[in-house]
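Me: I have a protein model open and I'd like to learn how to read it. Could we go through it feature by feature?

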Amino acid sequence: MATAQTVFKRYEKKYLLNQTQYERMLTFLNDYMKQDEYGLHTIRNIYYDTDEYDLIRTSLGKPLYKEKFRVRSYSQVSEMDTVFLELKKKYDGVVYKRREALTLAEADAYLKYGYQPLKNGQIMHEIDWFLNINDIMPKVFIAYDRIALFSEEDPNLRVTFDHNIRFRDYDLSLSSPAYGKKLLEHDRYLMELKIGNAMPLWLSQYLARENIFQTSYSKYGTCYTNYLFYKKLAVINRPDYDYSLQKGGIYCA
């Protein structure tokens, strides 16, 4: 299992770009940054929440402190492939992420049946504590195609572009193909700047010159607000109706 970063502390700034802005931005950044070794790749996530979606509902209220839990993979995985258990917190604008790398089999045994993995250090203790105080379960699968760039001069600077963001709230498995309902139009890209402290001057000047402005966008939050909330509301209003999901769609009021 390859060594991977497990602790992150940074600011994350988000921007929604159209096709032209994306192409111009990528061309500009190529003079300052390099694409990572993965190239264009697909990230898969399973987000966990309570039955009433308490975690995402709290997060959408923009509190000073918020947290979420997800399991992530960087490919379609089988039992012995690596996945990451991620506990992500945000306090006063700063993002703190703690994650542990396990095999899919270890993660399933831990999350479904409570079997502790051989790795049982500080990060697993933090995840244990979070799961013990929150009655959560897998709620939604979200995948997207990503290009990531890094700066050789500033190791804390990364820029990612996410495209083809899609979701489903059934077949919640990282071993399944990354299909689902689209969250963004085909010509829209979510750019995230991940910085340790201040944004480089050359980057802030480009954003200002191109009229690219920071936005508030959450993949899981958008999924809940635009789809899952209405499905939950429909189930409450018509509990006798069969709302079992079929591949390729989701009920939406």
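Reply: Sure, let's start with one helix. In H4, the buried residues are Ile123, Met124, Glu126, Ile127, Asp128 and Phe130. Keep in mind that this is a predicted model.

Me: What covers the buried residues of H4?

Reply: Several elements do, including strands E1 (7-18), E4 (65-73), E5 (82-91) and E6 (94-103), plus helices H2 (54-60) and H3 (104-113). As a general idea, residues three or four places apart on an α-helix point the same way, because there are 3.6 residues a turn.

Me: How do I check the length of a helix like H4?

Reply: Count 1.5 Å a residue, then compare with the distance between the end C-alpha atoms. H4 covers residues 122-133, so its 12 residues should span 16 Å; the ends are 17 Å apart, which agrees.

Me: Now the whole protein. How many helices and strands are there?

Reply: The protein has six helices and 10 strands. Its C-alpha trace spans about 55 × 45 × 35 Å along the principal axes. For 253 residues, a compact globule would have a radius of gyration near 18 Å, and the 19 Å of this protein agrees with that.

Me: And what share of the residues counts as buried?

Reply: That's 46% of the 253 residues. You can also look at who touches whom: of the contacts with a separation of 6 or more, 69% are between residues 24 or more positions apart. As for the outside, about 13400 Å² is exposed, and carbon and sulfur atoms supply 49% of that.

Me: Can you show me one buried residue up close?

Reply: Try Asp162, found in strand E8 (residues 158-168). Buried means under 20% relative accessible area, and Asp162 is at 0%, so it counts as buried. Leaving out residues up to four places away in sequence, Asp162 touches Tyr144, Asp145, Arg146, Arg188, Tyr189, Leu190, Glu192 and Lys219. Leu40 is 122 residues from Asp162 in sequence, yet their C-alpha atoms are 9.6 Å apart in space.

Me: I see rings in there too. How many aromatic pairs does the structure hold?

Reply: It holds 16 aromatic pairs. One of them joins Tyr74 and Phe84 edge-to-face, with 5.8 Å centre to centre and 80° between the planes. That pair links distant parts of the chain: Tyr74 is in the loop between E4 and E5, while Phe84 is in strand E5, 10 residues apart. Tyr74 is partly exposed at 32% relative accessible area, whereas Phe84 is buried at 8%. Rings can also gather in groups: Phe28, Tyr32, Trp202 and Tyr206 form one aromatic cluster.

Me: Which charged ends sit over rings?

Reply: Look at two lysines. The charged end of Lys139 sits over the ring of Tyr53, 4.5 Å from its centre. Over the ring of Tyr144 you'll find the charged end of Lys219, 4.3 Å from the ring centre.

Me: What about phi angles?

Reply: Here's the general idea: most residues other than glycine have a negative phi. Tyr53 isn't a glycine, but its phi is positive, about 60°. Lys62 has a positive phi too, near 55°.

Me: Where are those two, and are they buried or exposed?

Reply: Tyr53 is in the loop between strand E3 (41-49) and H2, and at 7% relative accessibility it is buried. Lys62 lies in the loop between H2 and E4. With a relative accessible area of 58%, Lys62 is exposed.

Technical notes: Residues numbered from 1 in each chain as written. Predicted model: local features only at pLDDT ≥ 70, side-chain atom pairs only at ≥ 80, totals over all residues. Heavy atoms only, no water. Helix = DSSP H or I, 4+ residues; strand = E, 2+ residues; numbered from the N terminus. Expected span 1.5 Å × (residues − 1). Buried < 20%, exposed > 50% of the residue type's maximum accessible area, 1.4 Å probe, protein only. Contact = heavy atoms within 4.5 Å. Phe/Tyr/Trp six-rings, centres within 6.5 Å; stacked < 30°, edge-to-face > 60°. Lys NZ or Arg CZ within 6 Å of the ring centre and 35° of its normal. Rg over C-alpha atoms; globule rule 2.2 N^0.38 Å. Areas by Shrake-Rupley, 256 points an atom, 1.4 Å probe, with all protein chains shown as cover.
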